[in-house]
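Reader: I am in my first year and would like one careful, connected account of a single part, namely the buried interior. Please explain each term when it comes up.

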Amino acid sequence: MGNYTEEINRRRTFAIISHPDAGKTTLTEKFLLYGGAINLAGSVKGKATARHAVSDWMEIEKERGISVTSSVLQFEYDGYCINILDTPGHQDFSEDTYRTLMAADSAVMVIDASKGVEAQTRKLFKVCGMRGIPIFTFINKMDRDARDTFELLDDIEKELGIATCPVNWPIGSGKAFQGVYDREKKCVIAYSDTEKGTKEGKATEVAVEDETHLRELLGNEAADKLLGEIELLDGASAEFDLDAVRAGKLTPVCFGSALTNFGVEIFLKHFLNMTTTPLPRKADIGMIEPAENEFSAFVFKIQANMNKAHRDRVAFMRICSGRFDANMEVRHVQGNKVMRLSQPQQIMADERKILSEAYAGDIIGVFDPGIFSIGDTICMPKDKFQYEGIPTFAPEHFARVRQMDTMKRKQFVKGIEQIAQEGAIQIFQEYNTGMEEIIVGVVGVLQFDVLKYRLENEYNVEIRLENLPYEHIRWIENKEEVDLSKLTGTSDMKKVKDMKGNPLLLFVNSWSIGMTLDRNKGLVLTEFSRN
Ligand code: G4P
């Protein structure tokens, strides 16, 4: 429809998922380098000590003096306009990390070649899997001794339940890592002169059929090994099928080393070639097509106190369709209000760039005077549809909260409810008692500190947190059919309710979940809540 189709079609919006230390920051830096957004990549110094409470990207910003938004990083490469969404890891890991995945159209999964699939990758993958978005795998750190390549692929298939299709194949690992074999072109790309901090080294391409040259290039031992592996591989691996990739059922796999610039640009090219333009999204009136519909967006993250000097809240929205113009009027559907978005911007570490326009696929941050909630829809004044809500993700850490000064009950309840509304924590009550006992659940433990700090500083309430042993939470999907008082679980199971009165069960281990399901026929439990 609009003349903005071209702008939308060149957008690629994705998240990078990985376990801490697999190389997400380094890979991101190299992408920026190839995109020309920075001149010279190099390891971000002092990161190990400095990065605890801040996003990895904020570190890149500080170190490199470039403007990267703390929530999304936009750059151009080869005609594409790329938006990489930050999925905070480490101690920053929280429900926001999961919510961010709701705003992505695909994910790049970075795996450490010596470790294979790790805990956090598994968790993040699960959320991507729920949405069926395409996932592209980069097996990193091939310059270190790696696990056997077949074994690594097997690990992904078994641990994550997704089929793999190697796009290329590594030649050796550790000191013997020489490059990759491109399966489509049937040639070997070997590197020389790669240096930390420069662009990819000089690549030499040799067709595998040209065995004499191949042996000259790689040496006999490596060439023999490679030829043997290619034969095995062609017989064993899944056929490449772009539809299966787009449906999140098959992950293309590339190998390389982000640190030493082996195979990063090759991966980026393959990825951009295979991943999707901004995807249509489900609303209550049907699917909304990015290029065919006028402006619409949904809120996926609300961040309080972005700037200590201003003490404000910023709502992050993913534009799902059309073109956004800072001067236009929009409708906030849940608030039933037509308005102009206040100070639409890309959020930078120290500065904020006011935006004049943006397109489907882009992320914008707007000043939020306290009206937006996670999952809210923003669209044209004439429209009134709502996007499908963002699920509530299962917290994995729980604590009982007690206020120190019982006289401050009102402030305490107000504070904790507001912080819960922003989505930083989830609060539960004992099933049978009132608000006396509040249980807080978080996805990442840092949120406990954030809660304590904010209650003290913003609401003047001191609290004490007592950790609880629960690790699993389940909503009761068929709550109308289940009498909670009669439900029998294991002795360590706890019955609670959320703020909307929905019944929930807390478990210490997954074994207890199975036991409880066995003991209560017909009970349906779920890990994500959509209400
Ligand atoms: P993350 O964002 O996923 O947590 O990982 P990050 O990029 O910070 O990388 C974690 C560590 O792994 C860093 O080392 C980084 O230099 C190293 N690394 C990343 N990619 C590669 C690779 O391809 N090969 C090798 N050998 N190492 C890689 P560090 O010691 O924690 O930091 P630094 O002191 O080197 O900066």
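Author: What follows begins with the nonpolar cores and then turns to some covered helices and a covered strand.

This is a predicted model, in which local features need pLDDT of at least 70 and side-chain atom pairs count only at pLDDT 80 or more, while totals for chains, interfaces and linings use all residues. Residues are numbered from 1 along each chain as its sequence is written, and side-chain values use heavy atoms, with hydrogens and water left out.

The idea of a core comes first. A nonpolar core is a set of buried Ala, Val, Leu, Ile, Met, Phe, Trp, Tyr and Cys residues that are joined through side-chain atoms within 4.5 Å. A residue is called buried when its relative accessible area is under 20%, exposed when it is over 50%, and partly exposed in between, using a 1.4 Å probe and protein chains only. In soluble globular proteins, nonpolar side chains tend to be buried together.

In this model, the largest nonpolar core has 65 residues, and those that touch the most other members are Leu85, Met109, Ile139, Ile156, Val188, Leu226 and Phe300. Strand β9 (residues 187–192) supplies the largest share of this core, five residues. Strands (E, at least two residues) and helices (H or I, at least four) are DSSP runs, numbered from the N terminus. Because domain 1 (13–72 + 86–178 + 239–274) and domain 2 (281–379) both give residues to this core, it lies between them; the domain bounds come from an automatic or database domain assignment.

Val188 shows what such packing looks like around one residue. Leaving out residues up to four places away in sequence, Val188 touches Ile171, Val180, Tyr181, Thr204, Glu205, Val206, Val208, Leu214, Leu217, Leu218 and Leu226, where contact means heavy atoms within 4.5 Å. A second core, separate from the one above, holds 31 residues, including Ala22, Leu27, Leu73 and Val110.

Two helices also belong in this account. Helix α2 (residues 24–34) is mostly covered, since eleven of its eleven residues are buried. Among them are polar names such as Lys24, Thr25, Glu29 and Lys30, as well as Leu27, Phe31 and Leu33. After α2 comes Gly36, whose phi is positive, near 80°. Helix α11 (residues 264–274) has nine of its eleven residues buried, so this helix is largely enclosed by the rest of the structure. The buried residues of α11 are Val264, Glu265, Ile266, Phe267, Leu268, His270, Phe271, Leu272 and Met274.

Finally, consider a covered strand and its partners. Strand β14 (residues 296–304) has eight of its nine residues buried and is thus mostly covered. In the antiparallel sense, β14 pairs with strand β15 (residues 313–321) over eight bridges, and two strands are said to pair if DSSP finds at least two bridges between them. Within that pairing, Gln303 has Val314 of β15 as its bridge partner. The pairing of β14 with strand β23 (residues 377–379) is also antiparallel, over three bridges, and there Phe298 stands opposite Thr377 in β23.
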